[in-house]
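Welcome! Let us take a friendly walk through one protein model, part by part.

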Amino acid sequence: MAIVAPSLLAANFLKLEDECKMVNESEADWFHLDIMDGRFVPNISFGPMIVEFVRKTTKKVCDVHLMILDPGNYAQEFKNAGADNLSVHIEACPHLHRNIELIRSLGMKAGVAINPHTPVSDLNDVLHEIDLVCMMSVNPGFGGQKFIPHTLEKIKQLRKMISDRGLNVHIEIDGGVTVENAASIIAAGADVLVAGNTVFRSKDPKEIIRQLKQL
Ligand code: DX5
Ligand code: ZN
């Protein structure tokens with residue numbers, strides 16, 4: 001059974017309290033929180049303040065995905081806001097190993113996010129130091145995009161790298177996840193499903209979450 005992480009980016013922010021309540025009452029495991037700076041990605045979303053509000057509503061894992069430059073400068077702030085997992089983009093980190101050490105030293109789980117063009121082999125020398133790979137299955141910056149099918153191949157490669165080395169690293173798939181394609185994503189070896197529009201734009205979000213958990 002996969003971990004299901006609704007992405008709040010697709011929520012109605014005028015009703016954030018209700019949206020958090022829905023997730024809290026659902027079978028979802030994690031809150032996925034997308035932080036965008038308008039520099040690493042073309043869009044701007046929200047900052048630690050929203051993470052702090054969400055944290056107050058929930059005991060579920062707060063899984064924070066930083067799509068920002070210089071993420072190390074903000075790690076402490078997201079820890080203070082209540083992040084459990086903090087993922088940084090490999091493409092934004094010339095000193096990735098240092099960023100990972102910092103995140104772990106602050107007591108958070110460390111994730112590395114990779115864009116669709118980044119080969120999984122780029123993770124070779126940090127895989128044993130991290131808890132999570134956030135594999136982008138769309139180009140980061142916006143919700144509601146179409147799943148890039150080649151991701152399935154990358155999931156298989158990464159799952160093999162992880163199991164060949166006997167590691168315990170989550171493979172989280174982020175972007176364009178639907179009830180229809182989720183089974184193939186899990187079959188390829190992923191164990192965390194991020195879902196934004198699929199959950200929040202449906203008539204019955206809790207039921208969609210339940211269906212994703214059934215797979
Ligand atoms: C995209 C974000 C995703 C996004 C997913 O840059 O990282 O987490 O919210 O949204 P959907 O599920 O709608 O593609
Ligand atoms: Zn994300």
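## Ground rules

Helices (H or I, at least four residues) and strands (E, at least two) are DSSP runs, numbered from the N terminus. With that in hand, Met 22 can be placed in helix H1, residues 16-25.

This is a predicted model, in which local features need pLDDT of at least 70 and side-chain atom pairs count only at pLDDT 80 or more, while totals for chains, interfaces and linings use all residues. Residues are numbered from 1 along each chain as its sequence is written, chains are lettered from A and ligands numbered from 1 in the order in which they are written, and side-chain values use heavy atoms, with hydrogens and water left out.

## The whole chain

The chain has 8 helices and 8 strands. Its C-alpha atoms fill a box of roughly 45 × 35 × 30 Å along the principal axes. The radius of gyration is taken over C-alpha atoms, and the globule rule is 2.2 Å times the number of residues to the power 0.38. For 215 residues, a compact globule would have a value near 17 Å, and the 16 Å of the chain agrees with that.

Buried residues (under 20% relative accessible area; exposed is over 50%, partly exposed in between, with a 1.4 Å probe and protein chains only) make up 53% of the 215 residues. Contact means heavy atoms within 4.5 Å. Among contacts between residues at least 6 apart in sequence, 65% join residues at least 24 apart.

## The zinc site

Which residues hold the zinc ion (ligand 2) as protein donors? They are His 32 (NE2), Asp 34 (OD), His 65 (ND1) and Asp 174 (OD), at 2.0 to 2.3 Å from the ion. Donors are N, O and S atoms within 2.8 Å of the metal (3.2 Å for Na, K and Ca); water is not among the atoms, so sites may look incomplete. The sequence spacing of the donor residues is H-x1-D-x30-H-x108-D. Asp 34 belongs to strand E2 (residues 30-36) and His 65 to strand E3 (residues 61-67), so this pair ties together parts 31 residues apart in sequence. Both Asp 34 and His 65 are buried.

The site is octahedral, with angles of 69 to 170° among its 6 donor atoms. Six donors count as octahedral if opposite donors are over 155 degrees apart and all others between 65 and 115.

## The nonpolar cores

A nonpolar core is a set of buried Ala, Val, Leu, Ile, Met, Phe, Trp, Tyr and Cys residues joined through side-chain atoms within 4.5 Å. The largest one has 64 residues, and Leu 33, Val 64, Leu 123, Leu 127, Leu 158 and Ile 173 touch the most other members. Beyond its neighbours within four places in sequence, Leu 158 contacts residues including Val 120, Met 135 and Ile 171. A second, separate core of 6 residues includes Trp 30, Leu 132, Val 192 and Val 194.

## Where distant parts meet

Is Met 22 buried or exposed? Met 22 is buried, at 10% relative accessible area. The C-alpha atoms of Met 22 and Pro 205 are 7.8 Å apart, although 183 residues separate the two along the chain.

Phe 200, in helix H7 (residues 197-200), is also among the residues that Met 22 touches. Phe 200 is buried, with a relative accessible area of 9%. From C-alpha to C-alpha, Phe 200 and Ser 7 are 8.4 Å apart, with their positions 193 residues apart in sequence.

Note on methods
Tetrahedral: all angles 85-135°; square planar, octahedral: opposite > 155°, others 65-115°.
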